[in-house]
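Colleague: I'm new to this one and feel a bit lost. Could you pick a single part, take a close look at it with me, and then show me how it ties in with the rest?

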Amino acid sequence: MSTEGLHKNTTDEPASFSVNHKFAPALLDPDLEIPAGMVGPNGNPAPKRFSVYRNNVVVSLMEAMAETFPSIKTIIGEENFATLTRAFIASHPPSSPMMQAYGEEFPQFLEAFAPLANYPFLSDVAQVEISWIDAYHAADAQPLDGALLGEIKPDNLMNTRFDVHPATRLIKSAYQLHHLFSSRENSSAELNFEKNENISAVLITRPNLVVETCQLDHATTPFIENLASSHTLGESIETAMQADQNFDASAAITLMLTSGAMTAISNTTS
Amino acid sequence: MQTILSASFPDQSFENSPLPARAGVGLKPEHIARILQENAPIGFFEVHAENYMGAGGMPHAQLTAIRENYPLSVHGVGMSIGGEQPLDRDHLARFKAVVDRYQPGMVSEHLAWSTHDDVFYNDLLPAPYTDETLQRVCEHVDEMQEYLGRQILIENPSTYVAFAQSTWLEFDFMAAIAERTGCGLLFDVNNVFVSATNHGYSPQEYIRAYPLNKVRELHLAGHAHDKDDHQRPLLIDAHDREICDDVWELYKLTLSLTGPLPSLIEWDADIPDWPVLAAEAARADKYLGRNLHTAPKEKDTAFETSANVH
């Protein structure tokens, strides 16, 4: 190895041009020219060397997307996923070094992406996946202790309101959303893309450290949704009964407790 | 995991414990249960600050459990110290929250940029070595040290291109940053080998010319092999395999000039099972004169600072 490369370059290139300004856009757009002044040993231009940075940036972002959206990747296949994420990365590069939030706009992107018009459920699945990440990083809180419910006077029970847990998320869909989301666990399972008669939701909770997901039926969906937006237990049951007169309130209350969707009783005023 | 990590949420406050002059390992979630179960004899762990900027949940529970048992180094990969625009104050605030919470022995960042306009590129991108860049980098290091209220270390980069307009040599540039800002240096031995190969200079000469008196921590990692436009070797700083013998030799050369320093094994892609990483750490410990698997603990003062491991 020579020591030549250790010596300073002498050049007429003005020292003050913005490197970032020319370097940055060329990273995400392979059609843009490589910025001038990028050299290898002996001062020769080095396009392949620059392409290492292009590759690093795009591959690292594609890996981040694959980590966040394994269900989408399973449903549409690896090749389609790569095409789709490349398009997303080019139009929606990250805006923050906190990469955990990268992909927040992916559900909207999928919804608006014309070639996917026949796959409207993908956007809902992506919303569950990004919400799962959200729940994973959400603030810590102890779930509601069911024993506290027993301490409320029967007369006050229906007027009770609850505080929602910081990790709780509800994603509504016309499709069998939890079934589609679960494709991440079993990539060979046959998937059902049929539309349901009613809208129902996937409930995401994190009672301690592990994120949990479950499919709610079309009556439990408005029940939990109402509780989570500070409606009373009575109001929430009533809304659920409107959706389905056979709504099982005691099963739904049990689910509210075991899922850890709520943290505390906020008040019992009538 | 559940058996080790409590589901309660401790409001932990940590004593500041400096990094010992031993081998450390970059912390990966898949290894944490095993590390805690076997009280792995590792000098310290290093984490990327950006992975612990969420509000709560598993990442913080795991890092809290590690921090209760080991000294910690917090390594930033997204501050864009070498960038042309002002530092992101929101990111600084998030970074400070991580440092305040975990009281790491060391805090470090890179001579690189990753943000331009409102885009974060998720890579460590190179800057030309000019007076202008030096001025800006020093302002950013000053700002970060002032904001955190402590010294930080700046790491030498691995690069694939050089800039025709550079007027400084890299080791002089690093020395100038340390002198002007009072920061320390994190010396990445693999980066030296990667850059020296890519730019055709001698890594040994680079090491001998480096301001080693400012170095407080060393990094070691594996790299991938490629070829450039003219079929010359082009090494990629991939952190995806074992450290090669050339880099171990450079590490030994560095230690012969610096004496023992905290030495981190970085492995960030194609992450192996824990014993493979532990073996890399044991090899570094051997060169540090700390063969923990056979040597007794006495006279090992650095070891005592982290004796709560066992």
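**From one helix residue to the whole picture**

Modeller: Let's warm up with one residue: Ala82(A) counts as partly exposed because it has 15 C-beta neighbours inside 10 Å. A buried residue would need 20 or more such neighbours, and an exposed one would have 12 or fewer, so a count of 15 lands in between. Keep in mind throughout that this is a predicted model. Ala82(A) sits in helix H4 of chain A, which covers residues 78-91. If you look for Val59(A), you'll find it 23 residues away from Ala82(A) in sequence, with 9.9 Å between the two C-alpha atoms.

Now for the part I'd really like you to look at, helix H6 of chain A and what surrounds it. H6(A) runs through residues 121-137, which makes 17 residues. From its first C-alpha to its last, H6(A) reaches 25 Å, close to the 24 Å expected at 1.5 Å a residue. Is this helix mostly covered or mostly open? Mostly covered: 14 of the 17 residues in H6(A) are buried.

What does H6(A) lie across? It lies across strands E3 and E4 of chain A, and its direction makes an angle of about 165 degrees with E3(A). Those two strands belong to an open sheet of three, ordered E3-E4-E5 in chain A, with antiparallel pairing. E3 and E5 of chain A are the edge strands, each pairing on one side only. From one strand to the next, the twist averages 20 degrees.

You can trace that sheet pair by pair. E3(A), residues 169-175, is joined to E4(A), residues 195-205, by six bridges in the antiparallel sense. Within that pairing, Leu170(A) has Leu203(A) as its bridge partner, while Tyr175(A) stands opposite Lys195(A). On to the next pair: E4(A) and E5(A), residues 212-215, are antiparallel too and share four bridges. Here Thr205(A) faces Glu212(A), and a hairpin of six residues takes the chain from E4(A) to E5(A). As general background, strands of a sheet pair through backbone hydrogen bonds, either parallel or antiparallel.

H6(A) also leads us over to the other chain. The contact between the chains takes in 51 residues of chain A and 48 of chain B. On chain A's side, helix H1 (19-28), strand E1 (38-39), helix H2 (47-68) and H6 each supply at least two residues. H2(A) has the largest share, with ten residues. By type, chain A's touching residues split into 26 nonpolar, 18 polar and seven charged. There is even strand pairing across the chains: E1(A) and strand E8 of chain B (residues 162-163) pair antiparallel over two bridges, with Met38(A) opposite Phe163(B).

Which residues touch the most other members of the largest nonpolar core? They are Val125(A), Phe45(B), Ile154(B), Val189(B), Leu220(B) and Ile265(B), in a core of 145 residues. And here our helix comes back, as H6(A) gives the most to this core, with eight residues. Over in chain B, Leu220(B) touches, among others, Val189(B), Ile243(B), Ile265(B) and Ala284(B), leaving aside residues up to four places away in sequence.

To finish, a quick look at chain B itself. It has ten helices and 13 strands, and 50% of its 310 residues count as buried. Eight of the strands close into a barrel with parallel pairing, in the order E1-E2-E3-E4-E7-E9-E10-E13. Neighbouring strands there are turned by 30 degrees against each other on average, ignoring direction. For one pair up close, take E2(B), residues 44-48, and E3(B), residues 72-75, which run parallel and are joined by four bridges. Glu46(B) is opposite Ser73(B) in that E3(B) strand. Of chain B's contacts with a separation of 6 or more, 78% are between residues 24 or more positions apart.

How values were computed
Residues are numbered from 1 along each chain as its sequence is written. Chains are lettered from A and ligands numbered from 1 in the order in which they are written. This is a predicted model: local features need pLDDT of at least 70, side-chain atom pairs count only at pLDDT 80 or more; totals for chains, interfaces and linings use all residues. The expected span of a helix is 1.5 Å times one less than its number of residues. Two strands pair if DSSP finds at least two bridges between them. Axes are lines fitted to C-alpha atoms, for helices over the stretch in contact, and angles run from 0 to 180 degrees between N-to-C directions. Two residues are in contact if their C-beta atoms, placed from the backbone, lie within 7 Å. Ala, Val, Leu, Ile, Met, Phe, Trp, Tyr, Cys and Pro count as nonpolar, Asp, Glu, Lys and Arg as charged, and the others, Gly among them, as polar. A nonpolar core is a set of buried Ala, Val, Leu, Ile, Met, Phe, Trp, Tyr and Cys residues joined through C-beta atoms within 7 Å.
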